[in-house]
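User: Please take a close look at one strand of this model and at the parts of the fold around it. I would like one connected account, with the criteria stated.

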Amino acid sequence: MMERTITGRRVDPADLVILAGAGSVLEVLGWALCDRGGAFLIPTPYYPGFDMDLTTRFGTRVVKAKMRLEDNFAVRVDALEDAYQQAKRDGVRIGALLLTTPHNPLGTLMSAQELQDVIDWADKKDDLHVIFDEIYALSVHTWQQTSSGPTSKDSRDDDDESKEQQSSLLMIDTPFVSAAQVLGERGLGQRMHIVWGFSKDFAMSGFRAGVLYTQNKQLRAIYDSVSYWQCVSGDTQFLLGNMVADHKFVLHYVGELRKRLHKAYATVTTALDKAKIPYIPAQAGLFMYVDLRAFLARHDGDERKLYCHVLETTNVNLTPGAT
């Protein structure tokens with residue numbers, strides 16, 4: 001399933017680790033890749049849950065690399081370098097860079113060139129790992145075709161399908177680019193890792209199943225040593241395995257998911273445009289970044305008061321930007 005819908009490249013099942021949720025996967029990565037008091041470098045803004053995932057039990061720190069609003073918070077290598085060097089001056093060892101694409105909370109996608117620039121930068125660091133959180137990889141609501149949605153190849157015979165797979169394994173038309181595609185024949189190597197899970201794309205958070213794709217045998221051995229406390233039940237693995245093995249179902253499901261996300265995004269942006277509220281255009285995910293600074297004056301310039309007002313009067317939960 002990952003080959004056909006996310007990575008576009010062959011995935012050796014031996015390179016996959018499954019734990020009870022992507023949060024558990026990240027927590028163990030923090031423990032495995034950082035000394036006590038070591039840190040993950042994360043571009044801002046980022047999913048606030050990362051703080052809990054990384055810091056609660058093992059004390060992994062978070063070093064923020066500040067991106068700029070005027071660039072729509074696109075990841076800039078110079079900002080990563082500035083934060084990395086400042087951490088060194090502060091005596092903090094950065095064990096890994098954590099990137100999210102599709103991005104939470106921006107809903108944006110990193111291009112192949114942007115990913116390549118970051119990979120090239122990380123390659124120059126002797127012991128820096130890069131973690132690509134691709135947990136919203138299937139939740140893309142823009143596509144490159146002019147058709148009504150993603151291309152489905154269900155109707156093609158096996159010969160046609162195998163010929164097409166010689167150039168690409170991807171069965172979903174999407175502007176999303178996985179780090180695995182950018183890395184190409186080089187592979188993930190020892191310091192590049194991909195995280196995915198069922199909670200977002202398949203709306204199955206309660207099933208608690210997160211996936212780490214890594215070619216680092218030593219790292220997989222670490223997961224084997226701690227998986228007893230964070231394992232996924234055999235029944236859950238059996239159910240999910242059968243589901244993703246049904247390629248026709250997955251293609252139909254992803255197509256419907258993207259159409260509904262596209263419709264919801266159009267509804268929200270139409271309302272925002274009508275109200276003249278600025279926002280960063282999104283291509284994926286269940287969220288977007290909205291600029292409500294014009295309304296702060298009505299609430300004493302207090303973002304928290306504005307948040308509470310919106311929640312109490314409309315029952316809409318907007319995560320404050322300061323979060």
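Analyst: From β5, H129, I131 and D133 point one way while V130 and F132 point the other, and all of them are buried, where buried means under 20% relative accessible area, exposed over 50% and partly exposed in between, with a 1.4 Å probe and protein chains only. In a regular strand, side chains alternate between the two faces of the sheet. Five of the five residues of β5 are buried, so the strand is largely enclosed by the rest of the structure. Strands here are DSSP runs of E of at least two residues, and helices are runs of H or I of at least four, both numbered from the N terminus.

This is a predicted model, in which local features need pLDDT of at least 70 and side-chain atom pairs count only at pLDDT 80 or more, whereas totals for chains, interfaces and linings use all residues. Residues are numbered from 1 along each chain as its sequence is written, and side-chain values use heavy atoms, with hydrogens and water left out.

β5 (residues 129-133) pairs in the parallel sense with β4 (residues 94-100) over five bridges; two strands are taken to pair if DSSP finds at least two bridges between them. Among the bridge partners, L98 is matched with I131 of β5, and L99 with F132 of β5. Both strands belong to an open sheet of seven strands, ordered β1-β7-β6-β5-β4-β2-β3, with mixed pairing. At the edges stand β1 (16-19) and β3 (61-65), each with a single partner strand, so one side of each is left without a neighbour in the sheet. From one strand to the next, the twist averages 25°, angles being taken from 0 to 180 degrees between the N-to-C directions of axes, which are lines fitted to C-alpha atoms, for helices over the stretch in contact. Helix α4 (residues 77-89) packs on this sheet, where it touches β2 (39-43), β3 and β4, and its direction makes about 140° with that of β3; contact means heavy atoms within 4.5 Å.

F132 of β5 also leads into the interior: in the largest nonpolar core, which has 58 residues, F132 is among those that touch the most other members, together with L41, L80, W196 and F198. Such a core is a set of buried Ala, Val, Leu, Ile, Met, Phe, Trp, Tyr and Cys residues joined through side-chain atoms within 4.5 Å. A second, separate core of 24 residues includes L19, V28, Y46 and Y223.

Leaving aside residues up to four places away in sequence, W196 has contacts that include M1, I6, E134, I135, L138 and F202. W196 is also linked by ring pairs with F198, F202, F249 and Y253 into a cluster; rings of Phe, Tyr and Trp (its six-membered ring) pair if their centres lie within 6.5 Å, and planes under 30 degrees apart count as stacked, over 60 as edge-to-face and the rest as tilted. The whole structure holds twelve aromatic pairs. One of them, Y46 with F50, is stacked, at 6.4 Å centre to centre and 25° between the planes, and both of these residues are buried.

S199 lies in the loop between β6 (192-197) and β7 (210-213). At 18% relative accessibility, S199 counts as buried, and, with residues up to four places away in sequence not counted, S199 touches I135, M204 and S205.
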